[in-house]
Amino acid sequence: MIDRRLLIGSSLAALSVAACGKSETTTPPGGPPKVINFSILATENSTSMETFWKPILADMEKSIGIPVKPFFASNYTALIEALRFKQTDAGWFSNQSGLEAVRRSNGEVFARTFDPSGSDGYKSLLIVPASSKTTLEDVLKCDKTLTFGIGDAKSTSGTLAPMTYLFAPKGIRPEACFKQVRAANHQANLFSVAKGVLDVATNNSTALRLQRERGSPVADQVRVIWESPKLPEDPIIWRSDLDPAVKEKLRQFFLTYAQGEGPEAERQRKLLAALSIGGFRPADNSHLLPVREMEATEQLLEARNAGDKVKEAQAQKSLDTIAAERAALEAKTGQPVAAQ
C-alpha cells in the first residue's frame, strides 16, 4: 500500500501554505512589489538549502534593488499553491511542478538552469542498497516482496519519469506491485535505501552526484539499477502578472549571474555549483513541452492498460497536439526542443 503521510502533508500545505515558509504580501495596488518572495523546493532539509541559497538571494537582492525573502517548502504542492495565492512572486521549480504552476498558478517560465558540466539534462534513477543483490528484473516481478520509495506526485524524476518510461509501458501500478510504497523527497529516499529501510526507490543523477561531490558516504551506499532518458533542466518561473519592470530586473539578474570572467563571476559559479547549477539560460513555456509529452504518454499507456477507449483517445489527441507544437517550434528555431 502507499504511505499517504507525505501526500496528506501536501494537501494540508495547499490549505495553509504559509506554514511552509515565511512570505509577505508584497504588491500594493497599482505598484511594484516591496519584497520579492522567492520559492525554493527543499529537496534536502530546509536548513541546508538555506545555507546554499542565502548568498545567491543576497546577490539577487543587491542586483534588483528590492528585498528578497526565501520561501522554502518540502513538497511541490506548497510551491504551486504559494504562487497561485500570490504568497510568492517567483521560484525554482521542477519541470512537473513548473507545468502545474503554469496551468494553475498564473506562472510563466522565463529562464532555466544548465548543468555545470555543460552537458544539459539529468536522469531519473532507481536505486537499491549497494550490498543488495536486487536487480531490475526483481523489481519488475511485482511479487509484493519489496518496499518502494517514490517521489512527490509532482516530481519529474521521482514519479513522472519512472512511471512514463518504466512502469506504465509494462502495465505496472506501484501500489499493486510492492509490499509498501512510501512517498518522500529525493534525500529521504536516498538515505532510506542506503540504510536498508527501503529495498528500492526513485532518485535522480543530480542528487546522487551532489552527495558524492560533498563527500557524503551515502552515494557509495546505493547502487543504480535503472536510469531514464535525459530529462530537461529545471525552470525558473515568475507570476505572469508581476510588475514588468521587476520582471526585467529578475531576467537580467538570472541571465547574467555567474557569467563572464573575473573573481566575482567565479565566486558566483562556486555558489551555483554547490546546487549542481552552472547558470541560467533564457526560456519560455515551450521548455515544458517534453514534460507535457511525458505526461500525455503516461496517460495514454494507463488508459490503454485499463482498456479505457475514451481516455486513450483523449491522451492520443493531447500527444498529437504536443507533437505539432514541437514540430512548429523546431522548424522555427532549427533546434530540438529539449536542447533549447
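Accessible area here is what the Shrake-Rupley method gives with a 1.4 Å probe.

**Figure 1. The whole protein, seen as a predicted model.** By that method, the protein exposes about 15300 Å². Carbon and sulfur atoms supply 54% of this area. Along the chain you can pick out 13 helices and twelve strands. How many of the 340 residues count as buried? The share is 52%. Now take the contacts between residues at least 6 apart in sequence: 76% of them join residues at least 24 apart.

**Figure 2. A close-up of the open sheet of six strands.** Read across the sheet and the order goes S3-S2-S4-S11-S5-S12, with mixed pairing. Which strands sit at the edges? They are S3 (68-73) and S12 (279-282), and each of these pairs on one side only. From one strand to the next, the twist averages 30°.

**Figure 3. Zooming in on the pairing of S2 with S3.** A quick reminder: strands of a sheet pair through backbone hydrogen bonds, either parallel or antiparallel. Strand S2 (residues 36-41) and S3 run parallel, and six bridges join them. To find one spot in this view, look for Ile40, whose bridge partner in S3 is Phe72.

**Figure 4. Inside the largest nonpolar core, a set of 32 residues.** Phe38, Trp53, Met60 and Phe254 are the ones that touch the most other members. Which helix gives the most to this core? That's H2, with seven residues. Other elements that each supply at least two residues include strand S5 (107-114), strand S11 (235-239) and helix H10 (244-256). Pick Met60 and leave aside its neighbours within four places in sequence: Met60 is in contact with Phe38, Val68, Leu250, Phe253 and Phe254.

**Figure 5. A second, separate core, this one of 21 residues.** Good residues to look for here are Phe71, Ala82, Phe93 and Leu288, which are among its members.

**Figure 6. Helix H13, residues 309-333, from end to end.** Why should H13 span 36 Å? The helix has 25 residues and the rule is 1.5 Å a residue, counted as 1.5 Å times one less than the number of residues. The end C-alpha atoms of H13 are 36 Å apart, so the model agrees. The buried residues of H13 are Glu312, Ala315, Leu319, Ile322, Arg326 and Leu329. An α-helix has 3.6 residues a turn, so residues three or four places apart point the same way. Helix H12 (289-306) is part of what covers the buried residues of H13.

Technical notes: Residues numbered from 1 in each chain as written. Predicted model: local features only at pLDDT ≥ 70, side-chain atom pairs only at ≥ 80, totals over all residues. Heavy atoms only, no water. Helix = DSSP H or I, 4+ residues; strand = E, 2+ residues; numbered from the N terminus. Buried < 20%, exposed > 50% of the residue type's maximum accessible area, 1.4 Å probe, protein only. Contact = heavy atoms within 4.5 Å. Pairing = 2+ DSSP bridges. Axes fitted to C-alpha atoms, helices over the stretch in contact; angles between N-to-C directions. Core = buried A, V, L, I, M, F, W, Y, C linked by side-chain atoms within 4.5 Å.
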